[in-house]
Amino acid sequence: MLPIQMVETERDDFDGTIVELWRGDDFIGMVFWDGEIPIVQIYPDEDGDVQDLDVREIQQLLDTALQIVDPNAFDDDFEALREAVAEAADEALDVHPATAELLGDFDARALYRTDDGEGFFRRGDAEGFIEKCEELDLGVVEMEGFDLDGEKLIPRPNLNLVVTPQKMMTWSEFRTFANATAADTLRLWPSRESLVIAFVIQQPDSETIVA
């Protein structure tokens, strides 16, 4: 599941600042100041269904949003907070569309995630991940295999792939080369059920992302 992002904005039909909550292109809701109290409105998804939210994540977001919409919270510390929120929003908007689509499709398929968000996938999902990268013009440039024992990741140093950029190749040639190499390598790795795979991908702009 993609993280929820905050966007600070204003509307003609509202007095004061509004904080909108978004997950990718999906509108979650908004926070605003109404008279003497802060209000949060959570909207159904585009199909009209209830949206499931992580309590800890939404609580942290609401604490920050409250400081933004509170008309009495304008001090030096708050100005720094506003700048940090604006910077985070700009970074969210800078995510490559192909990467956003890939992570949106595969985020929930990760069998395990570390505290810093790195995902680990079963073999079948890993194969689909590589295929999706080729479809979206993304390249798998690193791949590592681990065994998952409960909540413990056991490194397997012999299950490791790094694809080095080739100067004589165009991006499309290198992307296909990298993805084909990853797919061929994965087929040679053990098929045991405990095996999970982690990826680093490269975008057409050469930026690398931990999946």
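Visitor: In which helix is Arg-175 found?

Guide: Arg-175 is found in helix α5, which covers residues 171-188; the model we are looking at is a predicted one, and everything said here should be read with that in mind.

Visitor: Why does Arg-175 count as buried?

Guide: Its relative accessibility is 13%, and the term buried applies to values under 20%, so Arg-175 meets the criterion and is classed as buried.

Visitor: What makes the approach of the Arg-175 side chain to that of Asp-137 a polar contact?

Guide: The two side chains come to 2.7 Å, whereas the cut-off for a pair of N or O atoms is 3.5 Å, so the pair qualifies as a polar contact. Apart from residues up to four places away in sequence, Arg-175 touches Glu-134, Asp-137, Leu-138 and Gly-139.

Visitor: Which strands does α5 lie across, and at what angle does it run to β7?

Guide: Helix α5 lies across β7, β8 and β9, and its angle to β7 is about 20°. These strands belong to an open sheet of 4 strands in the order β8-β7-β9-β10, with antiparallel pairing.

Visitor: What makes β8 and β10 the edge strands of that sheet?

Guide: Each of them, β8 at residues 152-162 and β10 at residues 208-210, pairs on one side only. From one strand to the next, the twist of this sheet averages 25°. Helix α4, residues 123-135, also packs on the sheet, where it touches β7 and β9, and its direction makes about 15° with that of β9.

Visitor: How do you know that β7 and β8 are paired?

Guide: Pairing requires at least two bridges, and 7 bridges join β7 (residues 139-149) to β8, so the two strands count as a pair, and they run antiparallel. One of the residues involved is Asp-147, whose bridge partner in β8 is Ile-154.

Visitor: Why is Leu-153, in strand β8, called partly exposed?

Guide: Its relative accessible area is 22%, and the partly exposed class lies between the limit of 20% for buried and that of 50% for exposed, so Leu-153 falls in that class. Setting aside neighbours within four places in sequence, Leu-153 is in contact with Tyr-112, Thr-114, Phe-120, Phe-146, Asp-147, Leu-148 and Val-196. Leu-153 and Ser-194, which are 41 residues apart in sequence, have C-alpha atoms 9.8 Å apart in space.

Visitor: What is the strand order of the open sheet that contains β1, and which strands are at its edges?

Guide: The order is β1-β2-β3-β4, with antiparallel pairing, and the edge strands, each pairing on one side only, are β1 (5-9) and β4. The twist in this sheet averages 20° from one strand to the next.

Visitor: How do you know that β3 is paired with both β2 and β4?

Guide: The threshold is at least two bridges, and 6 bridges join β2 (residues 18-23) to β3 (residues 26-34), while 6 bridges also join β3 to β4 (residues 37-42), so both pairings satisfy the criterion. Among the residues concerned, Ile-18 has Phe-32 as its bridge partner in β3, Trp-22 stands opposite Phe-27 in β3, and Trp-33 is matched with Pro-38 in β4.

Visitor: Which residues take a positive phi in the hairpins of β2 with β3 and of β3 with β4?

Guide: In the hairpin of β2 and β3, which has 2 residues between the strands, Gly-24 has a positive phi near 65°; the hairpin of β3 and β4 likewise has 2 residues between its strands, and there Gly-35, in the turn, has a positive phi of about 70°.

Visitor: Which helix packs on the sheet, touching β1, β2, β3 and β4?

Guide: That helix is α1, whose direction makes about 40° with that of β3. Helix α1 has 15 residues, 55-69, and reaches 21 Å from its first C-alpha to its last, which is close to the 21 Å expected at 1.5 Å a residue.

Visitor: How do you know that the buried residues of α1 line one face of the helix?

Guide: The buried residues of α1 are Ile-58, Leu-61, Thr-64, Ala-65, Ile-68 and Val-69. Viewed down the axis of α1, these buried residues fall within an arc of 130°, so they line one face. The face turned away from this buried side carries the exposed residues Val-55, Arg-56 and Gln-60.

Note on methods: Residues are numbered from 1 along each chain as its sequence is written. This is a predicted model: local features need pLDDT of at least 70, side-chain atom pairs count only at pLDDT 80 or more; totals for chains, interfaces and linings use all residues. Side-chain values use heavy atoms; hydrogens and water are left out. The expected span of a helix is 1.5 Å times one less than its number of residues. Buried means under 20% relative accessible area, exposed over 50%, partly exposed in between (1.4 Å probe, protein chains only). The arc is that of the directions from the helix axis to the C-beta atoms. A polar contact is a pair of N or O atoms within 3.5 Å; within protein, one must be able to donate a hydrogen and the other to accept it, and residues adjacent in sequence count only if both atoms are side-chain atoms. Contact means heavy atoms within 4.5 Å. Axes are lines fitted to C-alpha atoms, for helices over the stretch in contact, and angles run from 0 to 180 degrees between N-to-C directions.
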